[in-house]
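New to this one? Here is a short tour to read with the sequence and the 3D view side by side.

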Amino acid sequence: MTTGTGNEQHIIEAREVVLSFGQTPALRGANVAVDAGEIIAIMGPSGSGKSTLLHCLAGILVPDSGEIHFDGSRVDTRTETERSTLRRDHFGFVFQFGQLVPELTAEENVALPLLLAGTRRNDALREARLWFERLGLDGLERRRSGELSGGQAQRVALARGLVARPKILFADEPTGSLDTLTGEQVMELLVAAAREQGTTVVIVTHEARVAASADRHIMVRDGKVTSLVPDRVPS
Ligand SMILES: Nc1ncnc2c1ncn2[C@@H]1O[C@H](COP(=O)(O)OP(=O)(O)OP(=O)(O)O)[C@@H](O)[C@H]1O
């Protein structure tokens, strides 16, 4: 593992990242650097490479060339097992669809990251339950995903993404399956909870309103990040 080559002030960084799926280029030299505690929105047209960039930053995909740095050390040079451990210990995830395990109750779904990290079941469930009141999910602890509305299921997924207090929350279109109002509420909860616990957030979204909740947004076009100059969202 290579260490100590990243800029220490950035918690996560992609440098000249190139990745193709077969003949299809997805990233063609993408650069982005995110500060600790920052909430950054990745925007851009469909197929421009947003999700691929998020997956590279999160250590899910390994670039063909270029570098990913997390907390001052290289991620892309690590083995699959090392990257999996990194994700489990430091990253949380929220995606657009189908994230909850249907056989588990809502509280068991939220507790999952803690259980995977070795927390005792009772402690994990106690910690998980704290999120239900906080996210307006009181009384839904024992429901299964089929018994939740889309907005409720996304809030459960959000709780699961944050319960282990990850350093970074990666969110790929977390409001994409929701109506505008429900999506705004989920986004408000996401931003408030992330700020409260100092979690850095990298969020892929099509929606300008979602991006407006972020501290900064970047544009991905044809596999490149086009706005490298800090582009602060006006408050
Ligand atoms: N697993 C895959 N296999 C083959 N091609 C893929 C795969 N994933 C993405 N691609 C291609 O890579 C390019 C970038 O895709 P990506 O999903 O990163 O774009 P995106 O900006 O997130 O798109 P969208 O907004 O539509 O989700 C596209 O041309 C896409 O078709």
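## Around the ligand

Start with the ligand: the residues around it are Phe21, Thr24, Ala26, Gly44, Ser46, Gly47, Ser48, Gly49, Lys50, Ser51 and Thr52. Two elements each give two or more residues to this shell, namely β2 and α1 (50-57). Of these, α1 gives the most, with three residues.

What is the make-up of the shell in terms of nonpolar, polar and charged residues? It comes to two nonpolar, eight polar and one charged. Keep in mind throughout that you're looking at a predicted model.

## The whole protein

Now zoom out. The protein has seven helices and 10 strands, and its C-alpha trace spans about 45 × 40 × 35 Å along the principal axes. How does the radius of gyration fit with a compact globule? For 235 residues, such a globule would come out near 18 Å, and the protein has 17 Å, so the two agree.

As for the inside, 42% of the 235 residues count as buried. There is also plenty to trace along the chain: take the contacts between residues at least 6 apart in sequence, and 69% of them join residues at least 24 apart.

## The four-stranded sheet

One open sheet has four strands in the order β2-β1-β4-β5, and the pairing is antiparallel. At its edges stand β2 and β5 (73-74); each has a single partner strand, so one side of each is left without a neighbour in the sheet. Helix α1 packs on this sheet and touches β1, β2 and β4 (65-70), with its direction at about 125° to that of β1. So α1 turns up twice on this tour, since the helix also gives three residues to the shell around the ligand.

Look more closely at the β1 and β2 pair. Strand β1 (residues 10-21) and strand β2 (residues 24-35) run antiparallel and are joined by nine bridges. Within this pair, Leu19 stands opposite Leu27 in β2. The two strands form a hairpin with two residues between them, and in the turn Gly22 has a positive phi of about 60°. As a rule, side chains in a regular strand alternate between the two faces of the sheet.

## The six-stranded sheet

Another open sheet has six strands, in the order β6-β7-β8-β3-β9-β10, and here the pairing is mixed. Which strands stand at the edges? They are β6 (91-94) and β10 (224-225), and each has a single partner strand, so one side of each lacks a neighbour in the sheet.

At the β10 end, strand β9 (residues 216-221) and β10 run antiparallel, joined by two bridges. Here Val220 stands opposite Val225 in β10.

## A stop at Asp123

Last stop: Asp123, which you'll find in helix α4 (residues 121-134). Is Asp123 buried or exposed? Asp123 has 12 other C-beta atoms within 10 Å, and a residue with 12 or fewer counts as exposed, so Asp123 is exposed. If you want a distance to check in the viewer, try Asp123 and Leu169: they sit 46 residues apart along the chain, and their C-alpha atoms are separated by 22 Å.

Key:
Residues numbered from 1 in each chain as written. Predicted model: local features only at pLDDT ≥ 70, side-chain atom pairs only at ≥ 80, totals over all residues. Pairing = 2+ DSSP bridges. Near = placed C-beta within 6 Å. Nonpolar A, V, L, I, M, F, W, Y, C, P; charged D, E, K, R; others polar. Contact = placed C-beta atoms within 7 Å. Axes fitted to C-alpha atoms, helices over the stretch in contact; angles between N-to-C directions. Rg over C-alpha atoms; globule rule 2.2 N^0.38 Å. Buried ≥ 20, exposed ≤ 12 C-beta atoms within 10 Å, placed from the backbone.
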